[in-house]
Amino acid sequence: MVIETSITEKVFSRIDRDELAGLAMALCDFDTPTGHEQDIANFLLRWFEKNGFQTIKQEVESSRFNAVGILKGSGAGRSLTINGHLDVILLKREIDKAYVKDGLVHGHEMGNMRAGLASFMIAGKAIMNA
């Protein structure tokens, strides 16, 4: 499948680096060891709703659920599912919260799915707005 350059450029032009960094930093503010993901999942659902996605709160077990954001297409193509985990692997030592240095976001949580989640979310928003 070949994607037109103009469509790609239109999507990329809708990505705001500051918004992406801000969302990634906001996701890092949640302390989410396994079994304690409810607050970040609720945050994701609110973000999806605010940004025009259809949402599903899918209960996995008591007080644990998946936060699903759906971007509907025309229905004529294939479906794509992108997912990531909400829990953060705890380290035995104290870690610094995420921070920005030289225009990049750093921190343990960035490599522990927060950067991926923020990227997926902002990419979906850019596609929707393009």
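## Briefing: charge pairs, core and rings

At a relative accessibility of 24%, arginine 64 counts as partly exposed, because this value falls between the 20% limit for buried residues and the 50% limit for exposed ones. The model is a predicted one, and it holds three salt bridges together with four aromatic pairs. The points below begin with the charged side chains, and then turn to the nonpolar core, the aromatic rings, a surface patch and two backbone angles.

**Salt bridges around arginine 64**

- Arginine 64 forms a salt bridge with glutamate 37, and the closest N and O atoms of this pair are 2.8 Å apart.
- The two partners come from distant parts of the chain, since arginine 64 belongs to strand E2 (residues 64–70), whereas glutamate 37 sits in the loop between H2 and helix H3 (38–50), with their positions 27 residues apart in the numbering.
- Glutamate 37 is buried, because its relative accessible area of 8% is under the 20% limit.
- Arginine 64 also forms a salt bridge with glutamate 61, for which the closest N and O atoms are 3.9 Å apart, a distance that still satisfies the 4 Å criterion.
- Glutamate 61 counts as partly exposed, with a relative accessibility of 43%.
- Through shared partners, the salt bridges join Glu37, Glu61 and Arg64 into one network.

**The salt bridge between two helices**

- Lysine 125 forms a salt bridge with glutamate 19, and here the closest N and O atoms are 2.5 Å apart.
- This pair, too, links distant parts of the chain, with lysine 125 in helix H4 (residues 114–129) and glutamate 19 in helix H2 (residues 17–28), which places the two residues 106 apart.
- Lysine 125 counts as buried at 18% relative accessibility, while glutamate 19 counts as partly exposed at 25%.

**Nonpolar core**

- The largest nonpolar core contains 23 residues, and among them Leu23, Leu27, Leu44, Trp47 and Met121 touch the most other members.
- Each of H2, H3, E2 and H4 supplies at least two residues of this core, and the largest share, seven residues, comes from H3.
- When residues up to four places away in sequence are not counted, tryptophan 47 touches Leu23, Phe53, Met121, Ile122 and Lys125.
- Two of these contacts, Leu23 and Met121, are also listed with tryptophan 47 among the core residues that touch the most other members, and another contact, Lys125, is the lysine that forms the salt bridge with glutamate 19.

**Aromatic rings**

- Phenylalanine 30 and phenylalanine 43 form one of the aromatic pairs, a tilted arrangement in which the ring centres are 5.3 Å apart and the planes lie at 55° to each other.
- This pair links distant parts of the chain, as phenylalanine 30 is in the loop between H2 and H3, whereas phenylalanine 43 is in helix H3, 13 residues apart.
- Both phenylalanine 30 and phenylalanine 43 are buried.
- Tryptophan 47 and phenylalanine 53 have their ring centres 6.0 Å apart and their planes at 35°, so this pair is tilted as well, and both residues are buried.
- Ring pairs also link Trp47, Phe48 and Phe53 into a cluster.

**Nonpolar surface patch**

- Leu80, Ile82 and Phe120 form a nonpolar patch on the surface, and together they have about 320 Å² of accessible area.
- Leucine 80 is located in the loop between E2 and strand E3 (99–101), and it counts as exposed because its relative accessibility of 71% is over the 50% limit.

**Positive phi angles**

- Serine 63 has a positive phi of about 65° although it is not a glycine.
- The position of serine 63 is in the loop between strand E1 (54–61) and E2, where the residue is partly exposed, with a relative accessible area of 44%.
- Methionine 113, which is not a glycine either, has a positive phi of about 90°.
- Methionine 113 lies in the loop between strand E4 (104–106) and H4, and at 19% relative accessibility it counts as buried, because this value is under the 20% limit.

Key. Residues are numbered from 1 along each chain as its sequence is written. This is a predicted model: local features need pLDDT of at least 70, side-chain atom pairs count only at pLDDT 80 or more; totals for chains, interfaces and linings use all residues. Side-chain values use heavy atoms; hydrogens and water are left out. Helices (H or I, at least four residues) and strands (E, at least two) are DSSP runs, numbered from the N terminus. Buried means under 20% relative accessible area, exposed over 50%, partly exposed in between (1.4 Å probe, protein chains only). A nonpolar core is a set of buried Ala, Val, Leu, Ile, Met, Phe, Trp, Tyr and Cys residues joined through side-chain atoms within 4.5 Å. Contact means heavy atoms within 4.5 Å. Patches are made of residues with over 30% relative accessible area and no salt bridge: like charges are joined within 9 Å, nonpolar side chains (Val, Leu, Ile, Met, Phe, Trp, Tyr) within 5 Å. Accessible areas come from the Shrake-Rupley method with a 1.4 Å probe; for residues, only the protein chains shown count as cover. Rings of Phe, Tyr and Trp (its six-membered ring) pair if their centres lie within 6.5 Å; planes under 30 degrees apart count as stacked, over 60 as edge-to-face and the rest as tilted.
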